[in-house]
Amino acid sequence: MNNMNKRETQLILNELGIIPNKRLGQNFLFDKTIVKKIILESQISEDEVILEIGPGLGALTEELLKFSKKVYAYEIDFKLFQYLKDKFSQIENIEVINEDILKANIPPHNIIVSNIPYSITGPIFEKVFYNEKPPRGILIIENSIAERIFIQNKYKDFSRITVSFNAFMIPVKKYNISRLKFFPAPRIDLSLIIVKPRENLNPFLLSDKNRAFFLRFIAGIMPYKNKNIVNAISLFLKNEKVINFPKPKILQYLKNQNINNEKVTKFKVDELVKLSKLIFELIYESPSI
Ligand code: SAH
């Protein structure tokens, strides 16, 4: 079963009676050069634990097993799960788990290596990377999302995912990948991205509660990224149903912290993390203001 090609992939799917499911983002990688590249770039060592999200027919899994201590492979599709259980029944360092990755209680791991279901990229990132101690990652994702993550100093192209991702992770490398290396070929362009955790995570992001607030804050202000920060914060607070913080109050509070009322896009990632902390403190920790 090694070195699957396109025909072979189609054949196995036929045998299993699987019609690739769009909702589950089923686009199976059949190109072995890409698999090799992923192994090479991932720099896995033999004592490392890997998380694979959506192993599918196991094109990647098969190679990952050879170079690591253990692979946890989460596959939501029961037929694929059964196929993988069977395929790797003689192999000891794999655990195939028939569970939705977004609902799973994932064991500790060093690195995530996956061609993920593209439609849930945002929720996957939130689950696996926006954490206190995120792992490294080497992933195939939608190219347009990869571009938003890899934006450097082009603040006007900043979006929610740019800020959230870069608060926790460092984008290292990005390669474009042809969609013709997958069956069925997806309608979107793809990229292989290599990412690693930041060492200097802002201490505010270390607690669950603060992290949840930061993510809500970014999701809340980025839709208004062309407005001034005070307007964006005011709209965020309105949507959060937080009352008693009229714009002049916010303006004055920021002024006291030496923050000017500039456009949201003028703020860098780390400045937005600090700002989320300040707003958190303003609304939850200053009863008298
Ligand atoms: N990694 C394989 C398959 C990619 S297709 C390859 O490269 O060939 C995406 C895979 O993710 C499919 O197998 C799909 O069933 C699985 N999947 C989709 N949503 C999932 C979820 N929420 N949790 C776990 N697996 C999921």
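In this predicted model, an oxygen atom of the ligand lies 2.6 Å from an N or O atom in the side chain of E75. Two further contacts with the ligand accompany that of E75. L29 contributes through its backbone, with an N or O atom placed 2.8 Å from a ligand oxygen atom. D100 contributes through its side chain, a polar atom of which is 2.9 Å from a nitrogen atom of the ligand. Once the protein is in place, 98% of the 570 Å² of accessible area that the ligand has on its own is covered.

**Surroundings of the ligand**

The shell around the ligand is formed by 21 residues, and the closest of these are L29, G54, E75, D100 and N115. Classified by type, the shell comprises ten nonpolar, six polar and five charged residues. E75 and D100, whose side chains contact the ligand, are thus listed among the closest residues as well.

**Pockets**

Rolling a probe the size of a water molecule over the atoms shows where empty space is left. The two pockets described here are set out below.

| Pocket | Space | Lining residues by class |
|---|---|---|
| Largest pocket | about 470 Å³ | 17 nonpolar, nine polar, five charged |
| Second largest pocket | about 270 Å³ | six nonpolar, five polar, two charged |

Which pocket holds the ligand? The ligand sits in the largest pocket. In total, 31 residues line the largest pocket, and those nearest its centre are L24, G25, G54, E75 and P117. G54 and E75 therefore appear both in this central group and among the residues closest to the ligand. Strand 1 (28-29) and strand 2 (49-53) each provide at least two residues of the lining of the largest pocket.

The second largest pocket, with about 270 Å³ of space, is lined by 13 residues, of which K22, N27, A185, P186 and R187 are the closest to its centre.

**Backbone features**

Most residues other than glycine have a negative phi, and most peptide bonds are trans. Two places in the model depart from this pattern. The peptide bond from F183 to P184 is cis, and its omega is near -10°. P184 belongs to the loop between strand 8 (182-183) and strand 9 (190-197).

Where is K241 located? K241 is in the loop between helix 9 (229-239) and helix 10 (247-256). Although K241 is not a glycine, its phi is positive, at about 65°.

Methods: Residues numbered from 1 in each chain as written. Predicted model: local features only at pLDDT ≥ 70, side-chain atom pairs only at ≥ 80, totals over all residues. Heavy atoms only, no water. Near = heavy atom within 4 Å. Polar contact = N/O pair within 3.5 Å; in protein donor to acceptor, adjacent residues only side chain to side chain. Areas by Shrake-Rupley, 256 points an atom, 1.4 Å probe, with all protein chains shown as cover. 1 Å grid on protein atoms, 1.4 Å probe; cavity = no way out; pocket = protein on both sides within 12 Å on 5 of 7 lines; lining within 4 Å. Sits in = over half its atoms within 2 Å of the grid points. Nonpolar A, V, L, I, M, F, W, Y, C, P; charged D, E, K, R; others polar. Points joined across faces, edges and corners; volume = space filled by probe spheres on them. Helix = DSSP H or I, 4+ residues; strand = E, 2+ residues; numbered from the N terminus.
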